[in-house]
Amino acid sequence: MPREIVPPYPHPSGARPPQIPRELVPRHVAVVMDGNGRWANARGLPRVEGHRAGEASLLDVVAGAIEIGVQHVSAYAFSTENWSRSPDEVRFLMGFNRDVLRRRRDLMDSWGVRVRWAGRRPRLWRSVINELETAERQTVDNTTCTLTMCVNYGGRAEIADAAQAIAREVAAGRLKPERVTEKTVQKYLDEPDLPDVDLFLRSSGEQRISNFMLWQSAYAELVFLDEPWPDVDRRHLWRAVETYARRDRRYGGAVDAPARG
(Lines give C-alpha, C1' and ligand atoms only; values in the text may rest on other atoms or scores of the structure.)
Protein backbone atom coordinates (compact mmCIF):
# COMPACT_ATOMS: atom_id res chain seq x y z
CA MET A 1 0.00 0.00 0.00
CA PRO A 2 1.50 3.37 -1.01
CA ARG A 3 2.39 5.65 1.87
CA GLU A 4 0.41 8.83 2.37
CA ILE A 5 2.14 12.08 1.42
CA VAL A 6 1.63 14.89 3.91
CA PRO A 7 1.13 18.42 2.53
CA PRO A 8 3.57 21.05 3.85
CA TYR A 9 2.56 23.13 6.83
CA PRO A 10 0.74 26.35 5.84
CA HIS A 11 2.44 29.70 6.06
CA PRO A 12 1.76 31.32 9.48
CA SER A 13 0.14 34.31 7.77
CA GLY A 14 -2.37 32.09 6.02
CA ALA A 15 -0.99 33.22 2.64
CA ARG A 16 -1.76 30.99 -0.31
CA PRO A 17 0.10 30.76 -3.62
CA PRO A 18 -1.08 32.92 -6.51
CA GLN A 19 -3.11 31.29 -9.23
CA ILE A 20 -0.68 30.93 -12.13
CA PRO A 21 -1.29 28.73 -15.19
CA ARG A 22 0.65 25.51 -14.86
CA GLU A 23 2.62 26.14 -18.05
CA LEU A 24 3.92 29.45 -16.63
CA VAL A 25 5.25 27.95 -13.39
CA PRO A 26 9.02 27.34 -13.55
CA ARG A 27 9.92 23.67 -13.50
CA HIS A 28 13.34 24.24 -11.88
CA VAL A 29 14.28 27.02 -9.45
CA ALA A 30 17.94 27.51 -8.46
CA VAL A 31 18.41 29.35 -5.17
CA VAL A 32 21.49 31.22 -3.92
CA MET A 33 20.89 31.59 -0.18
CA ASP A 34 22.91 34.77 0.31
CA GLY A 35 23.15 37.22 3.18
CA ASN A 36 23.19 34.94 6.23
CA GLY A 37 26.36 36.48 7.66
CA ARG A 38 25.29 40.05 7.00
CA TRP A 39 21.90 39.37 8.59
CA ALA A 40 23.65 38.12 11.73
CA ASN A 41 26.23 40.92 11.86
CA ALA A 42 23.49 43.55 11.54
CA ARG A 43 22.01 42.10 14.74
CA GLY A 44 25.31 41.94 16.59
CA LEU A 45 25.43 38.14 16.25
CA PRO A 46 28.18 35.82 14.99
CA ARG A 47 27.93 34.95 11.30
CA VAL A 48 27.03 31.34 12.08
CA GLU A 49 23.75 32.49 13.66
CA GLY A 50 22.66 33.70 10.24
CA HIS A 51 23.22 30.24 8.80
CA ARG A 52 21.16 28.75 11.61
CA ALA A 53 18.34 31.19 10.93
CA GLY A 54 18.46 30.37 7.22
CA GLU A 55 17.43 26.75 7.81
CA ALA A 56 13.79 27.73 8.36
CA SER A 57 13.85 29.83 5.18
CA LEU A 58 14.93 26.85 3.08
CA LEU A 59 12.19 24.67 4.54
CA ASP A 60 9.57 27.33 3.90
CA VAL A 61 10.72 27.92 0.32
CA VAL A 62 10.55 24.18 -0.39
CA ALA A 63 7.05 24.15 1.12
CA GLY A 64 6.08 27.05 -1.14
CA ALA A 65 7.60 25.34 -4.17
CA ILE A 66 5.40 22.31 -3.54
CA GLU A 67 2.31 24.47 -3.10
CA ILE A 68 2.79 26.39 -6.35
CA GLY A 69 3.93 23.39 -8.40
CA VAL A 70 7.71 23.85 -8.81
CA GLN A 71 9.17 20.41 -9.47
CA HIS A 72 12.87 21.08 -8.76
CA VAL A 73 14.64 23.31 -6.24
CA SER A 74 18.44 23.45 -6.24
CA ALA A 75 19.98 25.08 -3.16
CA TYR A 76 23.55 26.41 -3.04
CA ALA A 77 24.50 25.10 0.41
CA PHE A 78 28.33 25.15 0.21
CA SER A 79 30.41 26.21 -2.78
CA THR A 80 33.86 25.08 -3.84
CA GLU A 81 34.96 28.64 -3.04
CA ASN A 82 33.59 28.55 0.52
CA TRP A 83 36.69 26.65 1.65
CA SER A 84 38.44 30.04 1.66
CA ARG A 85 36.34 31.21 4.62
CA SER A 86 37.69 31.06 8.16
CA PRO A 87 38.38 27.55 9.48
CA ASP A 88 35.77 28.09 12.21
CA GLU A 89 33.06 29.01 9.71
CA VAL A 90 33.98 26.10 7.42
CA ARG A 91 33.77 23.68 10.34
CA PHE A 92 30.42 25.13 11.34
CA LEU A 93 29.03 24.88 7.80
CA MET A 94 30.17 21.28 7.41
CA GLY A 95 28.55 20.25 10.68
CA PHE A 96 25.47 22.39 10.00
CA ASN A 97 24.81 20.87 6.57
CA ARG A 98 25.24 17.41 8.04
CA ASP A 99 22.87 18.10 10.93
CA VAL A 100 20.21 19.81 8.78
CA LEU A 101 20.04 16.73 6.59
CA ARG A 102 19.79 14.48 9.63
CA ARG A 103 17.10 16.64 11.26
CA ARG A 104 14.99 17.33 8.20
CA ARG A 105 15.15 14.29 5.93
CA ASP A 106 12.11 12.64 7.56
CA LEU A 107 10.09 15.84 7.07
CA MET A 108 11.21 16.08 3.43
CA ASP A 109 10.29 12.43 2.99
CA SER A 110 6.83 12.96 4.47
CA TRP A 111 6.22 15.80 1.98
CA GLY A 112 7.20 13.51 -0.90
CA VAL A 113 10.42 15.44 -1.60
CA ARG A 114 13.29 13.60 -3.24
CA VAL A 115 16.64 14.80 -1.87
CA ARG A 116 19.68 14.66 -4.15
CA TRP A 117 23.26 15.84 -3.90
CA ALA A 118 25.40 17.65 -6.47
CA GLY A 119 29.05 18.42 -5.74
CA ARG A 120 32.55 17.07 -5.38
CA ARG A 121 33.61 14.41 -2.88
CA PRO A 122 37.23 15.53 -2.26
CA ARG A 123 37.64 17.55 0.95
CA LEU A 124 34.01 17.04 1.95
CA TRP A 125 33.57 15.53 5.41
CA ARG A 126 32.73 11.83 5.33
CA SER A 127 29.90 12.46 7.83
CA VAL A 128 28.35 15.00 5.44
CA ILE A 129 28.59 12.56 2.53
CA ASN A 130 26.98 9.86 4.67
CA GLU A 131 24.01 12.08 5.50
CA LEU A 132 23.61 13.17 1.88
CA GLU A 133 23.67 9.58 0.65
CA THR A 134 21.29 8.45 3.40
CA ALA A 135 18.81 11.17 2.43
CA GLU A 136 19.15 10.18 -1.23
CA ARG A 137 18.42 6.52 -0.47
CA GLN A 138 15.50 7.26 1.85
CA THR A 139 13.73 9.60 -0.58
CA VAL A 140 14.66 8.03 -3.92
CA ASP A 141 11.08 7.09 -4.85
CA ASN A 142 9.51 10.47 -4.00
CA THR A 143 8.01 12.48 -6.85
CA THR A 144 6.32 15.57 -5.35
CA CYS A 145 9.42 17.79 -5.70
CA THR A 146 13.18 17.27 -5.94
CA LEU A 147 15.51 19.21 -3.65
CA THR A 148 19.09 19.13 -4.92
CA MET A 149 21.50 20.08 -2.17
CA CYS A 150 24.60 21.56 -3.82
CA VAL A 151 27.37 20.89 -1.30
CA ASN A 152 31.02 21.42 -2.28
CA TYR A 153 29.61 22.46 -5.64
CA GLY A 154 30.87 24.89 -8.26
CA GLY A 155 29.60 25.42 -11.78
CA ARG A 156 33.07 25.62 -13.32
CA ALA A 157 34.20 22.58 -11.32
CA GLU A 158 31.21 20.62 -12.58
CA ILE A 159 31.99 21.49 -16.21
CA ALA A 160 35.71 20.77 -15.71
CA ASP A 161 34.91 17.37 -14.19
CA ALA A 162 32.64 16.60 -17.14
CA ALA A 163 35.41 17.61 -19.57
CA GLN A 164 37.87 15.31 -17.80
CA ALA A 165 35.45 12.40 -18.00
CA ILE A 166 34.88 13.03 -21.71
CA ALA A 167 38.63 13.29 -22.31
CA ARG A 168 39.12 9.89 -20.66
CA GLU A 169 36.47 8.39 -22.94
CA VAL A 170 38.18 9.88 -25.99
CA ALA A 171 41.64 8.67 -24.84
CA ALA A 172 40.24 5.17 -24.34
CA GLY A 173 38.84 5.14 -27.87
CA ARG A 174 35.24 4.89 -26.70
CA LEU A 175 34.27 8.33 -28.01
CA LYS A 176 35.31 10.30 -31.08
CA PRO A 177 36.09 14.00 -30.48
CA GLU A 178 33.84 15.08 -33.33
CA ARG A 179 30.93 13.27 -31.65
CA VAL A 180 31.12 15.44 -28.53
CA THR A 181 28.02 17.61 -28.39
CA GLU A 182 26.11 19.57 -25.78
CA LYS A 183 24.18 16.39 -25.02
CA THR A 184 27.49 14.63 -24.37
CA VAL A 185 28.54 17.26 -21.83
CA GLN A 186 25.11 17.07 -20.18
CA LYS A 187 25.55 13.33 -19.74
CA TYR A 188 28.66 13.87 -17.58
CA LEU A 189 27.32 16.60 -15.28
CA ASP A 190 26.74 15.85 -11.58
CA GLU A 191 23.00 15.26 -12.12
CA PRO A 192 22.59 14.57 -15.86
CA ASP A 193 18.79 14.35 -15.72
CA LEU A 194 18.34 17.64 -13.87
CA PRO A 195 16.35 19.95 -16.16
CA ASP A 196 17.64 23.39 -17.11
CA VAL A 197 17.08 26.14 -14.57
CA ASP A 198 14.04 28.26 -15.43
CA LEU A 199 14.18 30.70 -12.51
CA PHE A 200 17.44 31.73 -10.80
CA LEU A 201 16.70 33.34 -7.44
CA ARG A 202 19.24 35.12 -5.24
CA SER A 203 18.67 36.91 -1.96
CA SER A 204 20.40 39.83 -0.22
CA GLY A 205 20.63 42.31 -3.07
CA GLU A 206 23.68 40.89 -4.86
CA GLN A 207 23.19 40.61 -8.62
CA ARG A 208 25.52 37.86 -9.76
CA ILE A 209 25.32 34.09 -10.20
CA SER A 210 28.53 33.25 -8.27
CA ASN A 211 29.48 30.11 -10.17
CA PHE A 212 26.16 28.35 -9.53
CA MET A 213 24.53 26.11 -12.12
CA LEU A 214 26.43 27.73 -14.99
CA TRP A 215 25.53 25.09 -17.57
CA GLN A 216 21.95 24.65 -16.44
CA SER A 217 21.23 28.40 -16.18
CA ALA A 218 22.09 29.31 -19.78
CA TYR A 219 18.55 30.62 -20.36
CA ALA A 220 17.37 31.10 -16.79
CA GLU A 221 15.33 34.13 -15.81
CA LEU A 222 17.15 35.98 -13.02
CA VAL A 223 15.31 37.47 -10.03
CA PHE A 224 17.21 39.21 -7.23
CA LEU A 225 15.71 39.84 -3.79
CA ASP A 226 16.81 42.67 -1.51
CA GLU A 227 16.10 40.64 1.64
CA PRO A 228 18.87 38.55 3.25
CA TRP A 229 18.19 34.84 3.19
CA PRO A 230 16.94 34.47 6.81
CA ASP A 231 14.17 36.98 6.00
CA VAL A 232 13.02 35.05 2.91
CA ASP A 233 10.01 32.74 2.92
CA ARG A 234 7.64 31.12 0.44
CA ARG A 235 5.92 34.42 -0.32
CA HIS A 236 9.16 35.74 -1.82
CA LEU A 237 9.34 32.63 -3.99
CA TRP A 238 5.76 33.13 -5.13
CA ARG A 239 6.40 36.75 -6.07
CA ALA A 240 9.48 35.64 -8.01
CA VAL A 241 7.36 33.06 -9.82
CA GLU A 242 4.86 35.79 -10.70
CA THR A 243 7.73 37.85 -12.13
CA TYR A 244 8.92 34.81 -14.06
CA ALA A 245 5.44 34.21 -15.47
CA ARG A 246 5.42 37.73 -16.94
CA ARG A 247 8.76 37.33 -18.71
CA ASP A 248 8.92 36.72 -22.47
CA ARG A 249 11.25 33.73 -22.90
CA ARG A 250 12.48 33.56 -26.50
CA TYR A 251 15.61 31.36 -26.16
CA GLY A 252 17.51 33.44 -28.70
CA GLY A 253 14.61 33.74 -31.13
CA ALA A 254 12.71 36.89 -31.98
CA VAL A 255 9.46 37.85 -33.62
CA ASP A 256 8.90 41.09 -35.51
CA ALA A 257 6.20 43.35 -34.18
CA PRO A 258 3.18 43.45 -36.49
CA ALA A 259 3.31 46.28 -39.00
CA ARG A 260 1.02 49.18 -38.31
CA GLY A 261 -1.64 49.84 -40.88
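**Exercise 1. Gln-216 and its surroundings**

Task: Find which residues Gln-216 is in contact with, leaving aside neighbours within four places in sequence, and then work out where Gln-216 lies.

Solution: Let's begin with the contact list. Leaving aside residues within four places in sequence, Gln-216 is in contact with Tyr-153, Glu-158, Leu-189, Asp-196 and Val-197. Bear in mind throughout that this is a predicted model.

Next comes the position: Gln-216 belongs to the loop between β5 and β6. Then check the accessibility. The relative accessibility of Gln-216 is 3% and the cut-off for buried is under 20%, so Gln-216 counts as buried. Finally, look at the side chains: those of Gln-216 and Glu-158 are joined by a polar contact of 3.3 Å.

**Exercise 2. The nonpolar cores**

Task: Determine how many residues the largest nonpolar core has, and which of them have the most contacts inside it.

Solution: The largest nonpolar core has 51 residues. Val-113, Met-149 and Val-151 are those with the most contacts inside this core.

Now take Val-113 and list its contacts, not counting residues up to four places away in sequence. Val-113 touches Val-62, Ile-66, Met-108, Thr-139, Asn-142, Cys-145 and Leu-147.

One more core deserves a look. A second core, separate from the largest one, has twelve residues, among them Val-32, Ala-118, Tyr-153 and Val-197. You have met two of these names already: Tyr-153 and Val-197 are in the contact list of Gln-216.

**Exercise 3. Strand β1 and its partners**

Task: Decide whether the residues of strand β1 are buried or exposed, and identify the strands that pair with β1.

Solution: Start with burial. Strand β1 covers residues 28–32, and five of its five residues are buried, so β1 is largely enclosed by the rest of the structure.

Then sort the residues by direction. His-28, Ala-30 and Val-32 point one way from β1, while Val-29 and Val-31 point the other way. The residues of both groups are buried.

Now for the pairing. Strand β2 (residues 72–79) runs parallel to β1, and four bridges join the two. Strand β5 (residues 199–202) also pairs with β1 in the parallel sense, over four bridges.

Ala-30 is a handy reference point. In β2, Ala-30 stands opposite Ser-74; in β5, Ala-30 stands opposite Phe-200.

**Exercise 4. The annotated active site**

Task: Using the UniProt annotation, work out why Asp-34 and Asn-82 can be said to gather at one spot.

Solution: First, the record. An unreviewed UniProt entry lists Asp-34 and Asn-82 under "active site". They span 49 residues in sequence, yet no two of their C-alpha atoms are more than 12.4 Å apart, so they gather at one spot. Both Asp-34 and Asn-82 are also part of the lining of the largest pocket.

Second, take Asp-34. This residue lies in the loop between β1 and α1 (36–42), and is buried with a relative accessible area of 15%. Not counting residues up to four places away in sequence, Asp-34 touches Arg-202, Ser-203, Ser-204, Glu-206, Pro-228 and Trp-229. With Arg-202 there is a polar contact of 3.1 Å between the side chains.

Third, take Asn-82. Its place is in the loop between β2 and α3 (87–110), and with a relative accessible area of 14% Asn-82 is buried too. The side chain of Asn-82 reaches the backbone nitrogen of Ser-79 at 2.8 Å.

**Exercise 5. Two positive phi angles**

Task: Arg-123 and Ser-204 have a positive phi although neither is a glycine. Decide for each whether the residue is buried or exposed.

Solution: Take Arg-123 first. Its phi is about 80°, and Arg-123 sits in the loop between β3 (113–118) and α4 (126–139). The relative accessible area of Arg-123 is 57%, and the cut-off for exposed is over 50%, so Arg-123 is exposed.

Now Ser-204. Its phi is about 75°, and Ser-204 lies in the loop between β5 and β6 (221–224). At 12% relative accessibility, Ser-204 counts as buried. To link back to Exercise 4, Ser-204 is one of the residues that Asp-34 touches.

Technical notes
Residues are numbered from 1 along each chain as its sequence is written. This is a predicted model: local features need pLDDT of at least 70, side-chain atom pairs count only at pLDDT 80 or more; totals for chains, interfaces and linings use all residues. Side-chain values use heavy atoms; hydrogens and water are left out. A nonpolar core is a set of buried Ala, Val, Leu, Ile, Met, Phe, Trp, Tyr and Cys residues joined through side-chain atoms within 4.5 Å. Buried means under 20% relative accessible area, exposed over 50%, partly exposed in between (1.4 Å probe, protein chains only). Contact means heavy atoms within 4.5 Å. Two strands pair if DSSP finds at least two bridges between them. UniProt positions are given in the numbering used here, feature names are shortened, and annotations may be inferred rather than shown by experiment. On a 1 Å grid over the protein atoms alone, a cavity is a set of points where a 1.4 Å probe fits but cannot get out, and a pocket is an open set with protein on both sides within 12 Å along at least five of seven lines; lining residues have an atom within 4 Å of a point. A polar contact is a pair of N or O atoms within 3.5 Å; within protein, one must be able to donate a hydrogen and the other to accept it, and residues adjacent in sequence count only if both atoms are side-chain atoms.
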